[in-house]
Amino acid sequence: QVQLVESGGGLVQTGGSLRLSCAVSERTSSSDDMAWFRRAPEKGREFVASLTWTGHTTVSAYYADSVKGRFTISRDNAQNTVYLQMSSLKPEDTAVYYCAAKAPFIGSYYRSETYAYWGQGSQVTVSS
């Protein structure tokens, strides 16, 4: 069973930066697409960013419009860790952030129901 453990959340002021980490217990063929989602208070789970296999040797990064240009998703294969670097943070970025994994070429990268593995969530709070 693949396990995902997030870390790096916290409280930051508007305009600040944070980096979230997601440690993956093992890299398998059923968990090689990675993504970040978030859930703000009284809102549904929202796609943030993903690293998605789009070819035999090609991985593409996708971002929600609301974070494009401010957030960067990356992966350290040697450490089995996925990162979400967040900059120019806004109060509306306040949410619990979840790391997720799914098998490549299955489902849509932006739909949470296609992801089989989830972390426990990490709170990010941006003060105004």
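Biologist: In what order do the elements of the protein chain run from the N terminus on?

Modeller: The model is predicted. From the N terminus, the elements run β-β-β-β-β-β-β-β-β-β-β. The count is 0 helices and 11 strands.

Biologist: What makes the protein chain as compact as a globular protein of its length?

Modeller: Set the radius of gyration against the globule rule. The radius is 14 Å, and the rule gives 14 Å for 128 residues, so the chain is as compact as a globular protein of that length. Along the principal axes, the C-alpha atoms fill a box of roughly 45 × 25 × 25 Å.

Biologist: How much of the protein chain is buried?

Modeller: Buried residues account for 45% of the 128 residues. The accessible surface is about 6600 Å², with 47% of that belonging to carbon and sulfur atoms.

Biologist: What share of the contacts join residues at least 24 apart?

Modeller: Take contacts between residues at least 6 apart in sequence. Of these, 59% join residues at least 24 apart.

Biologist: Why is strand β9 called largely enclosed?

Modeller: Count its buried residues. Strand β9 covers residues 95-102, and 7 of its 8 residues are buried, so the rest of the structure largely encloses it.

Biologist: How do you know that β9 pairs with strand β4?

Modeller: Pairing needs at least two bridges. Strand β4 (residues 33-39) and β9 are joined by 7 bridges and run antiparallel. R38 stands opposite Y97 in β9.

Biologist: What makes β9 and strand β11 a pair?

Modeller: Again, at least two bridges are needed. β9 and β11 (residues 122-127) have 3, in the antiparallel sense. Here the bridge partner of Y97 is S122 in β11.

Biologist: How many bridges join β9 to strand β10?

Modeller: There are 2, and the strands run antiparallel. The cut-off is at least two, so β9 and β10 (residues 117-118) count as a pair. A101 stands opposite Y117 in β10.

Biologist: Why is T52 called buried?

Modeller: Buried means under 20% relative accessible area. T52 has 7%, so T52 is buried. T52 is found in strand β5 (residues 45-53).

Biologist: Which residues does T52 touch, leaving out those up to four places away in sequence?

Modeller: T52 touches D33, T58, V59, S60, Y62 and Y109. A contact here means heavy atoms within 4.5 Å.

Biologist: How far apart are the mean positions of the positive and negative charges?

Modeller: They are 2 Å apart, for 12 positive and 11 negative charges.

How values were computed: Residues are numbered from 1 along each chain as its sequence is written. This is a predicted model: local features need pLDDT of at least 70, side-chain atom pairs count only at pLDDT 80 or more; totals for chains, interfaces and linings use all residues. Side-chain values use heavy atoms; hydrogens and water are left out. Helices (H or I, at least four residues) and strands (E, at least two) are DSSP runs, numbered from the N terminus. The radius of gyration is taken over C-alpha atoms; the globule rule is 2.2 Å times the number of residues to the power 0.38. Buried means under 20% relative accessible area, exposed over 50%, partly exposed in between (1.4 Å probe, protein chains only). Accessible areas come from the Shrake-Rupley method with a 1.4 Å probe; for residues, only the protein chains shown count as cover. Lys and Arg count as positive and Asp and Glu as negative; His and the chain ends are not counted. The place of a charge is taken as NZ of Lys, CZ of Arg, CG of Asp or CD of Glu.
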